[in-house]
Amino acid sequence: MPDEQLTDAHPDWEVLPPEHLPHPTYFPAGLAMGVTFLFWGLITSLVTFLVGLALFAASLAGWITEIRNERKHR
């Protein structure tokens, strides 16, 4: 059974083309933490707000730069 091809399992199925997946990165988590600090800073202090703003801006810039560089190399 394991040696059979997947296309033989059902006549209407077709093989999907290989898809390029982006490599993992920490930028989405940094962006989420920046948003959390932004809203937390609205409640607590200006320092927390500014840390959240800096983290948000750095993560967003890094993520956009990474996406642009990845599309150039394709």
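These notebook entries record what I looked up in a predicted model of one protein.

**Entry 1. Overall make-up**

I began with the secondary structure and found 2 helices and 0 strands. Helix 1 covers residues 27–43, and helix 2 covers residues 46–72. I then looked up burial for the protein as a whole: of its 74 residues, 15% are buried. The accessible surface of the protein is about 6600 Å², and carbon and sulfur atoms account for 68% of that surface. I also looked at contacts between residues at least 6 apart in sequence; 49% of these join residues at least 24 apart.

**Entry 2. The helix pair**

I next asked at what angle helix 1 and helix 2 cross. Their axes cross at roughly 155° and come within 7 Å. Angles over 145 degrees count as roughly antiparallel, and helix 1 and helix 2 are therefore roughly antiparallel to each other. I noted the hand of the crossing as well, and it is left-handed.

I listed the residues that make this contact. From helix 1 they include Phe27, Pro28, Gly30, Leu31, Phe37, Trp40 and Gly41. From helix 2 they include Thr48, Phe49, Leu55, Phe56, Trp63 and Glu66. Sorted by character, the residues of the contact comprise 16 nonpolar, 7 polar and 1 charged.

**Entry 3. Trp63**

I turned to Trp63, which lies in helix 2. Is Trp63 buried, exposed or partly exposed? I found a relative accessible area of 30%, so Trp63 is partly exposed. Beyond its neighbours within four places in sequence, Trp63 is in contact with Thr25, Phe27, Pro28 and Leu31. I also looked up the pair Trp63 and Gly30: their C-alpha atoms are 9.7 Å apart, with their positions 33 residues apart in sequence counted as separation.

**Entry 4. Thr48**

Thr48 also belongs to helix 2. I recorded a relative accessible area of 15% for Thr48. Buried means under 20%, and Thr48 is therefore buried. Setting aside neighbours within four places in sequence, I found Thr48 in contact with Phe37, Trp40 and Gly41. These three partners are listed for helix 1 in the contact between the helices.

**Entry 5. Phe39**

Phe39 is placed in helix 1. Its relative accessibility is 55%. The cut-off for exposed is over 50%, so Phe39 counts as exposed. I compared its position with that of Phe49, 10 residues away in sequence, and found a C-alpha to C-alpha distance of 7.2 Å.

**Entry 6. His23 and Glu70**

Last, I looked at a pair that involves the segment before helix 1, where His23 is placed. Glu70, by contrast, is in helix 2. How many residues apart along the chain are His23 and Glu70? They are 47 residues apart, and their C-alpha atoms are separated by 9.6 Å.

I then looked up how far each is covered. His23 is partly exposed, at a relative accessible area of 47%, whereas Glu70 is buried, at 17%. Leaving out neighbours within four places in sequence, His23 is in contact with Glu66 and Glu70. By the same rule, Glu70 is in contact with His20, Pro22 and His23. I noted that Glu66 is also among the helix 2 residues that make the contact with helix 1.

Definitions and conventions. Residues numbered from 1 in each chain as written. Predicted model: local features only at pLDDT ≥ 70, side-chain atom pairs only at ≥ 80, totals over all residues. Heavy atoms only, no water. Axes fitted to C-alpha atoms, helices over the stretch in contact; angles between N-to-C directions. Helix = DSSP H or I, 4+ residues; strand = E, 2+ residues; numbered from the N terminus. Parallel < 35°, antiparallel > 145°, perpendicular 65-115°, else oblique. Left-handed = near helix turned anticlockwise from the far one by under 90°. Contact = heavy atoms within 4.5 Å. Nonpolar A, V, L, I, M, F, W, Y, C, P; charged D, E, K, R; others polar. Buried < 20%, exposed > 50% of the residue type's maximum accessible area, 1.4 Å probe, protein only. Areas by Shrake-Rupley, 256 points an atom, 1.4 Å probe, with all protein chains shown as cover.
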